[in-house]
Amino acid sequence: MFDGPEPIYVQIAQMIRAQVLAGELAEEEQVMSTTQFATTFRINPATAAKAFSGLVEEGVLYKRRGLGMFVAPGARQRLLDQHRSAYFDEVLAPALAQAAVLGISTEEIVAHVRGTHPTPTEES
């Protein structure tokens, strides 16, 4: 399962973030323990613990003493805000810069996004 180029603990953290973003893990919902993760995915428990530790530092998870790890209140919104910001900076800004080079106007972009752009036969 964890066959990407990133370290396994990074992949685990990405998986949990994605589950929180998708609403598969709700706020205050308990996540698998490091032992359960290690057993389920056949990884070292320290690897899972490292992923969880990073998510705690980010405010995605928090620990309830004696109960385990839970999704932090506001975690989904924080992740959405981070991903939206990254989308604008890493995806949209370069696309808009390329559009400017190509002479594509803001109006054309908006029309295309709305699906109201003319088809090639309508332009001729």
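**Two salt bridges and a buried glutamine**

Okay, let's start with Glu58: with a relative accessibility of 33%, this residue counts as partly exposed. Keep in mind that we're looking at a predicted model here.

So what does the side chain of Glu58 meet in a salt bridge? That would be the side chain of Arg17, with N to O at 2.6 Å. The pair ties together distant parts of the chain, since Arg17 sits in helix H1 and Glu58 in helix H3, which covers residues 45–58. Along the sequence, the two are 41 residues apart.

How many salt bridges does the structure hold? Two. Here's the other one: Arg64 and Glu28 meet through their side chains, 2.7 Å from N to O. Again the pair links distant parts of the chain, 36 residues apart. Arg64 belongs to strand S1, residues 61–64, while Glu28 is in the loop between H1 and helix H2, and that helix is 34–41.

Are these two buried or partly exposed? Arg64 has a relative accessible area of 30%, so we call it partly exposed. Glu28 comes in at 35%, so partly exposed goes for that residue too.

Now back to helix H1, residues 8–21, for Gln11. Buried or exposed, this one? Buried: its relative accessible area is 10%, and the cut-off for buried is under 20%. Its side chain has a polar atom 2.7 Å from the backbone oxygen of Glu6. And if you skip the neighbours within four places in sequence, Gln11 is in contact with Met1, Phe2, Asp3, Gly4 and Glu6.

That's my tour, thanks.

Definitions and conventions:
Residues are numbered from 1 along each chain as its sequence is written. This is a predicted model: local features need pLDDT of at least 70, side-chain atom pairs count only at pLDDT 80 or more; totals for chains, interfaces and linings use all residues. Side-chain values use heavy atoms; hydrogens and water are left out. Helices (H or I, at least four residues) and strands (E, at least two) are DSSP runs, numbered from the N terminus. Buried means under 20% relative accessible area, exposed over 50%, partly exposed in between (1.4 Å probe, protein chains only). A polar contact is a pair of N or O atoms within 3.5 Å; within protein, one must be able to donate a hydrogen and the other to accept it, and residues adjacent in sequence count only if both atoms are side-chain atoms. Contact means heavy atoms within 4.5 Å. A salt bridge is a side-chain nitrogen of Lys or Arg within 4 Å of a carboxyl oxygen of Asp or Glu.
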